[in-house]
Amino acid sequence: MERCSRCHRLLLLVPLVLGLSAVPAWAGAPPVDVLRALRFPSLPDGVRRGRGICPADVAYRVSRPAQLSAPTRQLFPGGFPKDFSLLTAVRTRPGLQAPLLTLYSAQGARQLGLELGRPFRFLYEDQTGRPRPPAQPVFRGLSLADGKWHRVAVAVKGQSVTLIVDCKKRVTRPLPRSARPLLDTHGVIIFGARILDEEVFEGDIQELVIVPGVQAAYESCEQKELECEGAWRVRPQKQHSHRAQRSPKQQPSRLHRPQNQEPQRQVKELGEPQTTAQPREGRHPDTSPSY
C-alpha cells in the first residue's frame, strides 16, 4: 500500500514537470535594445550622435558607410519570441525605400524584416516558409519616408500583425503563419541593410526595441505621452488658438485628454530649427540633417 501511494504521488507530478519543460526559453525574457546590442552608443563607422524627438533625447544618425550587424543568438539567447512587440522612433531621408532591420537564418533566408518608405512592408517567414510571399502583409497608404520623426509600434500575435504609427493610425493585417512558428537564431541580424542589396537606411533613429508579448506595443503611446513635458509641448490647433483669442477667459489652464482619445503630438520636419532648448556641449552635435 505504501509503495502504491508513493507511485500515485509521482504520477501526479508528471504533468507538472512536463508543463514546466514546455515553457519556452524566451518566456519572461527582458526587452532587447537592438541599438545597444549593435554598439550604437560607441559610434561605429557611419554613425553619429544627434538630437532626438525631444530636446534632451539622444538619437543616432546613420549614413551609407555603416555596417551594423550581430549574431542573432547574441541578442536572443533563449530563442526569438513567438508573439512580440517591435518599437522604434525613426526619421528617414525623404523618399527613402530601405530596410530598417533584417533577420537572417543560418542558411541565409530572410525571416523577419521592416522596410520603410511607401508602402510600409513587414516581412515574416517561419521555419515552414509561411506565410508565402503573396500573403506577406503590406501596409499601403502609409509612408514613413517623409523626413519627419515617427513613432512606430508593431505587434505580432497569433495570425495577425498590427502597425501603430504616431499613436494615431492603427492597421491590422493577417499573418498566416504556422501554429507553432519558429525563427532560426543561428543566423545574423542586420540594421539598415539586406545581404547583396544596395538599398540602405539613411536617417536618424532614437529607439529600436524588441519585447516578448504584444502589451508593450499597445502601451507605448501611454508611456510616451508626457515624455517631453515641460520641454516640448504640442502647439494647439488653429481653431483652438483662434477661439482662445476671442475668449481667453474660457480657455482652461490645462486640457485633459479623454481616455478614448489618441494622444496628439507634433512631429518636427526635417531641418526645422530647434528653438525650445539648446543642446549641451558635446552631447548633441547634430541639429539639422545633412545626408
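Let me start with the aromatic pairs, of which this predicted model has 6, where rings of Phe, Tyr and Trp (its six-membered ring) pair if their centres lie within 6.5 Å, and where planes under 30 degrees apart count as stacked, over 60 as edge-to-face and the rest as tilted. The rings of phenylalanine 76 and phenylalanine 80 have centres 4.7 Å apart and planes at 55 degrees, so this pair is tilted. Both phenylalanine 76 and phenylalanine 80 are buried, a word that stands for under 20% relative accessible area, with exposed meaning over 50% and partly exposed in between (1.4 Å probe, protein chains only).

Before going on, I should say that residues are numbered from 1 along each chain as its sequence is written, and that side-chain values use heavy atoms, with hydrogens and water left out. Since this is a predicted model, local features need pLDDT of at least 70 and side-chain atom pairs count only at pLDDT 80 or more, while totals for chains, interfaces and linings use all residues.

Phenylalanine 120 and phenylalanine 139 also form an aromatic pair, and this one is edge-to-face, at 5.9 Å centre to centre and with 70 degrees between the planes. The pair links distant parts of the chain, with phenylalanine 120 in strand S8 (residues 120-124) and phenylalanine 139 in strand S9 (residues 138-139), 19 residues apart; helices (H or I, at least four residues) and strands (E, at least two) are DSSP runs, numbered from the N terminus. Phenylalanine 120 has a relative accessibility of 1% and therefore counts as buried, and phenylalanine 139, with a relative accessible area of 1%, is buried as well. There is also one aromatic cluster formed by Phe40, Tyr60, Phe191 and Phe201.

Now to the strands around S7 (residues 110-116), in which 6 of the 7 residues are buried. Strand S6 (residues 98-104) pairs with S7 in the antiparallel sense over 6 bridges, and two strands count as paired if DSSP finds at least two bridges between them. Here proline 99 has glutamate 115 in S7 as its bridge partner, and in the hairpin of S6 and S7, with 5 residues between the strands, glycine 108 takes a positive phi near 90 degrees. On to S8, which pairs with S7 in the antiparallel sense over 4 bridges, with glycine 113 opposite leucine 123 in S8. The hairpin of S7 and S8 has 3 residues between the strands, and in it glycine 117 takes a positive phi near 125 degrees.

What forms the 1 disulfide of the structure? Cysteine 167 and cysteine 221 do, with their sulfur atoms 2.2 Å apart, and a disulfide is taken here as a pair of cysteine sulfur atoms within 2.5 Å. The torsion about their S-S bond is about -105 degrees, so the disulfide is left-handed. Cysteine 167 lies in the loop between strand S11 (160-165) and strand S12 (169-174), and cysteine 221 in helix H4 (residues 215-224), so the pair ties together parts that are 54 residues apart in sequence. Cysteine 167 counts as buried because its relative accessibility is 5%, and cysteine 221 counts as buried at 10%.
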